[in-house]
Amino acid sequence: MARPFYITTPIYYVNDAPHIGHAYTTVNCDAVARWHRLLGDDVFFLTGTDEHGLKIQRAAEAVGLTPLEMADRTSERFVEAWRELDISNDDFIRTSEPRHYTAVQEFLGRIRDNGHIELDSYEGMYCVSCEDYYTEAQAPDGMCPIHHRPLETLAEENYFFRLSRFEQPLLDWYEAHPDFVQPVTKRNEALGFIKQGLQDISITRTSIDWGVPVPWDDRHVFYVWYDALINYATAAGFGTDPERFERLWPVVQHVIGKEIIRFHCVWWPAMLMAAGLEPPKEVHVHGWLLVGGEKMSKTKLNHIAPSELVADFGVDPYRYHFLRDVAFGNDGDFSYEGMVQRYNTDLANNLGNLLSRVATVVGKKSGGVGPAPSPDSPLAAVAAAVYADAADAWERIVPSEALEATWRLIRETNAHLEVNEPWKAEPGPEDDAVLGDALEVLRIVAILASPAMPATAREIWSRIGLPGAPEDQRLPEAAVWGGYPGGLPVEKGDPLFPRMNPS
RNA sequence: GGCGGCGUAGCUCAGUUGGUUAGAGCACUCGGCUCAUAAUCGAGUUGUCGCCGGUUCAAAUCCGGCCGCCGCUACCA
């Protein structure tokens, strides 16, 4: 049976419309999922929406909707955004679904049965107007930062998760699993947090209705984070399909933004341990997409919706840009000018033009029939090295490196053409070999680039006359030099990526 | 305050068991080519490797100090 590969995006909170930051995470996961499908893995790629909590309840009240109606609206926008971006998720989970309620109640019930959830009292500084608690860091002067009124000290009976008991188990887990959190700087951050000591966390609320009911005490609902994290287990079949869950857990790999490290790298593994389950295999942390050097936010009005850029660049160039331009793990500063530049350089000039020039010369010198490559072409070694590097980078979830490696092959091929000048040579076996080499590179590039640009890869594939589609190929065999059979019709067609005006 | 990280060509960055002339891509300059989307190919320019001091035959790479920047420091979806 194929190796299971389970990858997740965070579930996105439905108080915000999809922007390029959400899309960044999702496209990265999608490309990795597609890569693993090429490897023949049994891929399960999950995304979805997080819908409970006070913010949604209030936002719904403000416009006269039920919380679920409110969530329906925004959740649908995420579904549409991912459809537009050619995201190949195998499931889309919503925390308002019955299957999730089942899983959450089972999961937290198990933790309670294991003695790690207990009733206790939470005391904090409370603002009546906000109906919310503030920490000392948030309100050092004891005044509500929003209403500027004195906070009251209030105690509430809540159920607590005994997170403090998992300090040592977590440290042991990190010790035994050096790759648990990547990159290592984020791992240090999580570790530092654990080492400073962990406090128990109140995980239920009585002041909210919009949440998963606590099965053993109907006055409470679970605090939103506590139900949200469990989505990863829900979708894997926890509580509903034990056999499936057995297969998908704990091979799961989470991809998250750096703002939610604590939840995924501390709370979540502790919760799993408390429930008698294993922590996830790996958590991959990426940075933020900045605009003008600043984080996107509603108040700064610097949100960019993916569709705005897709309208100008197209879906595949959009995907390519964010996969290639930002080193995974670092913050990346987005600029429209930079995107145009990379589009022109990488896509129009290097890749698009390579296909274009090869197709033209094949038309002139080989009668439009693509010749087979030479078995001992110097490009064969380049292709092999590039494949090794790309495969390694995809495995580590560093798409920028995988694509950088792939483009190395494109550049080498342009140079190879320059040296051999097939457009000058007399038609014949030698000329055919040079053109065949270039076509073979295009075949391999189509496969290697298909996780990033699925539609483009299919287009290249069909223009060089190959039957089927790049997605149907199986790695690593399909990347071996010599797969292009020759004797296939090569079609020039319109430019894949018309150059854009830099201004 | 505590813990952690960063500061390398105009830009984005790579570069740890310390060792020949410090690298890549982009940008720029010159040249070639004209099959190709004024694309492509080749050559080349630019760096006190934040500053000061130390260890060493030898440091971007180790140690100390300093300057500048940043992240985390719990119930923010």
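These questions and answers look at the cysteines and the RNA surface of a predicted model.

Q: How many disulfides does a search of the whole structure find?
A: A disulfide needs two cysteine sulfur atoms within 2.5 Å. The sulfur of Cys29 has its closest cysteine sulfur in Cys265, 14 Å away, so the two are too far apart for a bond. The search therefore ends with a count of zero.

Q: Is Cys265 buried or exposed?
A: The cut-off for buried is under 20% relative accessible area. Cys265 has a relative accessible area of 0%. That makes Cys265 buried.

Q: Which helix gives the largest share of the surface near RNA strand B?
A: Helices H6 (184-195), H10 (261-274), H13 (336-365) and H15 (399-420) each supply at least two residues of this surface. One of them gives 12 residues, the largest share. That helix is H13.

Q: How many residues of the surface near RNA strand B are charged?
A: Around the strand there are 46 residues, and Tyr13, Trp225, Arg262, Gln341 and Asn353 come nearest. The surface has 17 nonpolar and 16 polar residues. The charged residues number 13.

Q: Which part of RNA strand B does a polar side-chain atom of Asp50 lie 3.3 Å from?
A: A polar contact needs N or O atoms within 3.5 Å. Gln196 has a polar side-chain atom 3.4 Å from a sugar or linking oxygen of the strand, and Glu418 has one 2.9 Å from a sugar or linking oxygen. For Asp50, at 3.3 Å, the partner is a base nitrogen.

How values were computed: Residues are numbered from 1 along each chain as its sequence is written. Chains are lettered from A and ligands numbered from 1 in the order in which they are written. This is a predicted model: local features need pLDDT of at least 70, side-chain atom pairs count only at pLDDT 80 or more; totals for chains, interfaces and linings use all residues. Side-chain values use heavy atoms; hydrogens and water are left out. Buried means under 20% relative accessible area, exposed over 50%, partly exposed in between (1.4 Å probe, protein chains only). A residue is near a molecule or strand if one of its heavy atoms lies within 4 Å of it. A polar contact is a pair of N or O atoms within 3.5 Å; within protein, one must be able to donate a hydrogen and the other to accept it, and residues adjacent in sequence count only if both atoms are side-chain atoms. Helices (H or I, at least four residues) and strands (E, at least two) are DSSP runs, numbered from the N terminus. Ala, Val, Leu, Ile, Met, Phe, Trp, Tyr, Cys and Pro count as nonpolar, Asp, Glu, Lys and Arg as charged, and the others, Gly among them, as polar.
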